[in-house]
Amino acid sequence: MHPRRLRLRTAALLVAALLKAAAGEAKIVFTGYGNFQMTAHQSTRIHGDAPALAAFKLTETSAKARGFALDSVGLFATTNLKENLDFLVDFTYRKIGSTTGETRIQYAFLEHTPRPDWRYRIGKITLPFGYYNQKRFYSFQRVELSAPIFQSAILGLPISDVGATLQKRFESKAGRVEADVYAVNGYGATPADSKKFRSATLPGAISLASNLVPSNNNENIALGGRLGLARIAGRDLEAGGSYYGGAWEGGGTSKLFQMANGHVHAGVGGLDFLAEYLHLDVLADPGFAAAVGDSHWTTDGYFMTASYPLWQVRGMPLIPFVSSEGYVTRGVHGGGGQERLQGYRAGLCLLPLENIRVKLEYGYLKYVLPLVGLGDLKLDSHSALLAMTLAF
Amino acid sequence: MPRALMTALLLAAAGTSSAAERKVTVLVEARDALKASVLAPLRKAFPGADALRVREFESSETADPIRRGRLLSVLQNSELLVAVGDPATELVLGEIEDVPIYFVGGSLVSGSRLASPSVAGILSYDVDGLLDAVGRLWSGRLGLAFTPGYEAVAAAVRSGAKARGFAVVERRIASQKEIPSAVRELLERSQALWVVGDPLLARGAGFQFLVERSLSRRVPIVAAGPWEVRRGAFVTSEPAADALGAEAAGAVKSLAAGRELPARVRTAPPGGTVVYNGALAEKWGLRLPGGAAWRVLH
């Protein structure tokens with residue numbers, strides 16, 4: 001179906017669902033959360049080769065910062081339109097100061113479960129891609145304070161888009177098989193330049209987050225899926241693989257953007273462990289060729305996180321956690337440098353109540369952005385963060 | 001398209017049911033001790049595939065606002081909602097409005113919800129069994145602290161206590177500011193104090209004050225549930241699960257058919273287990289009867 005028609009049809013369905021709810025035929029339940037964050041200490045050092053610094057009009061510099069922010073407030077509206085038919089919306093307010101800097105509808109979809117083993121969603125959906133995107137994105141879903149930097153700051157979390165997804169579940173001897181397929185609007189070119197997918201410019205433009213918008217210059221639909229095995233041997237063990245593929249700009253498969261992900265999650269005996277591997281493959285992108293020397297570039301990397309409720313403080317669980325990540329982006333045919341990101345974090349999460357999480361985290365980040373013929377631009381950052389997440 | 005087929009499709013799309021009986025949604029915590037004993041007779045009473053919808057939940061689900069919202073939105077659209085056990089009763093009575101609710105084996109129920117005509121159910125404790133247990137250990141005056149909405153329970157305790165030779169000293173407590181004076185008076189004038197399971201008295205600062213005073217005066221608290229016994233109350237009772245399940249199935253069947261119940265709120269049927277605080281019994285040098293009908297909590 002043409003993306004415009006798909007979007008119109010999706011919008012019509014969502015409006016119909018909202019009208020039904022507004023007409024008083026269904027009751028709407030509101031829940032939500034707030035995430036308050038304090039940067040107790042952050043020191044950042046920008047350095048590198050002089051030509052690379054000059055290209056960004058930078059000099060070698062160190063900066064320190066401290067601050068408090070109401071990181072995000074989210075309201076979840078849920079309505080059960082009829083048996084097995086639900087409508088769900090997440091309104092999230094971010095960058096909150098005296099005014100709200102950003103309001104997002106992170107998801108808004110109609111979900112129908114015609115049979116217990118079949119389910120489909122239409123609307124703005126969180127993509128079934130990996131584990132973190134659907135199950136750990138919100139601060140109340142995890143004990144760690146920060147999300148993996150590459151996925152959150154560069155790829156953009158949550159990966160949610162307009163389209164439809166279908167899930168089939170069935171039990172097997174090994175565990176519960178969950179198969180998801182989806183069709184969505186997909187990533188487009190960078191908003192600043194319709195001929196580039198990713199730009200080697202700082203700050204911000206190296207991120208792909210703003211490429212994923214409901215309306216962009218990309219008429220192609222992206223397709224993908226996830227195959228997972230959950231409840232392995234009856235325990236809280238899960239493993240799966242995900243795929244996303246779609247052209248990022250007109251021209252069919254000659255400008256293909258593909259992602260692949262493998263994930264393993266274990267929650268056994270109090271230990272919670274999650275690891276995800278990510279592979280990106282981008283064709284015909286002149287934007288990042290300025291960094292890696294090739295318009296066909298790939299990214300490979302991982303993140304892992306582990307936590308265990310080791311202590312109790314006056315009956316309140318105190319959970320230490322560690323996490324790390326490492327990503328490398330390079331040109332397929334060589335010739336340029338490598339974008340490298342490494343991050344390490346450790347901290348504690350206290351659960352004073354079931355719906356309150358107080359977190360303390362120390363993190364170290366090392367990032368290198370190459371520029372063809374100019375050398376590397378480097379960033380090192382240490383941070384100590386405090387946060388409180390309240391769910392209601 | 002034939003008219004009958006068209007009508008059937010329209011009715012199906014609109015979710016219209018021709019059955020006169022209200023559809024029953026049962027909510028139970030996945031690991032609740034009452035689950036099997038209550039669900040079996042309910043399933044027998046509602047044999048149709050669509051007549052009874054059972055929704056199990058885990059405590060972690062209610063801490064996640066997305067999953068909590070999904071759960072509540074389904075419950076909010078129920079025609080008749082049955083909450084089995086304490087966690088389900090607490091969730092449903094705290095969050096769901098405008099839906100007929102029947103709770104089974106709940107101990108923590110606010111008096112204001114108990115007074116609501118859309119709420120009915122069976123409390124987890126058996127008044128006569130608990131009074132028999134109290135009568136074996138103490139005599140004299142029994143204090144009774146209750147909140148508005150608990151009048152029927154208070155009447156059952158009052159008459160049962162008098163029948164066993166107790167004199168009853170009682171106070172109706174409507175707000176937090178009334179707690180200190182009422183508790184002081186009741187503890188000064190009684191040998192044991194019965195406290196109903198209203199969160200005003202059984203949780204938070206009210207309960208904390210009650211426990212501190214009762215321990216300092218060595219006056220045992222007869223509580224609504226094991227949660228309180230683990231935290232300083234002396235004794236409560238747990239229901240006989242099979243008898244509770246059978247009674248609940250009969251009541252839910254009547255409600256689903258639109259019939260009125262003889263009593264909107266009942267206490268658990270006889271035959272339950274008396275549960276007591278082992279540390280306090282040892283500290284106070286009490287000798288308690290053994291056997292299956294008594295269980296110690298540490």
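I looked up Gly106(B) first and found that it stands opposite Leu123(B) in β5(B). The two strands concerned, β4 (residues 101–106) and β5 (residues 119–123) of chain B, run parallel and are joined by five bridges; strands are DSSP runs of E with at least two residues, helices are runs of H or I with at least four, and both are numbered from the N terminus. Two strands count as paired if DSSP finds at least two bridges between them.

I noted that this is a predicted model, in which local features need pLDDT of at least 70 and side-chain atom pairs count only at pLDDT 80 or more, while totals for chains, interfaces and linings use all residues. Residues are numbered from 1 along each chain as its sequence is written, and chains are lettered from A and ligands numbered from 1 in the order in which they are written.

I then followed the sheet outwards in chain B, where six strands form an open sheet with parallel pairing in the order β2-β1-β3-β4-β5-β11. At its edges I found β2 (52–57) and β11 (265–266) of chain B, each with a single partner strand, so one side of each is left without a neighbour in the sheet.

Next I turned to the helices of chain B. The axes of α7 (residues 127–137) and α8 (residues 151–163) of chain B come within 10 Å and cross at roughly 40°, which makes α7(B) oblique to α8(B) (under 35 degrees is roughly parallel, over 145 roughly antiparallel, 65 to 115 roughly perpendicular, and the rest oblique). I wrote down Val127(B), Asp128(B) and Leu131(B) as the contact residues of α7(B), and Ala156(B), Val157(B), Gly160(B) and Ala161(B) as those of α8(B), a contact being a pair of C-beta atoms, placed from the backbone, within 7 Å.

How enclosed is helix α5 (residues 86–95) of chain B by the rest of the structure? Eight of its 10 residues are buried, so α5(B) is largely enclosed; among them are Asp86(B), Glu90(B) and Leu93(B). A residue is buried if 20 or more other C-beta atoms lie within 10 Å of its own, exposed if 12 or fewer, and partly exposed in between.

In chain A I looked at strand β12 (residues 297–307), along which the side chains alternate: Trp297(A), Thr299(A), Gly301(A), Phe303(A), Thr305(A) and Ser307(A) point to one face and are buried, while residues including Tyr302(A) and Met304(A) point to the other and are not. β12(A) pairs in the antiparallel sense with β11 (residues 271–282) of chain A over 11 bridges, and Phe303(A) is the bridge partner of Glu276(A). β12(A) also pairs in the antiparallel sense with β14 (residues 316–331) of chain A, over 11 bridges, and there Thr305(A) has Ser323(A) as its bridge partner.

I ended with the backbone. Most residues other than glycine have a negative phi, and most peptide bonds are trans. Leu157(A) and Pro158(A), however, are joined by a cis peptide bond with omega about -5°, and Pro158(A) is found in the loop between α4 (149–156) and β6 (160–171) of chain A. Arg314(A) has a positive phi, near 50°, and is exposed, with 6 other C-beta atoms within 10 Å. Arg218(B) has a positive phi of about 55°, lies in the loop between α11 (204–217) and β9 (221–222) of chain B, and is exposed, with 11 other C-beta atoms within 10 Å.

Definitions and conventions:
Axes are lines fitted to C-alpha atoms, for helices over the stretch in contact, and angles run from 0 to 180 degrees between N-to-C directions. Two residues are in contact if their C-beta atoms, placed from the backbone, lie within 7 Å.
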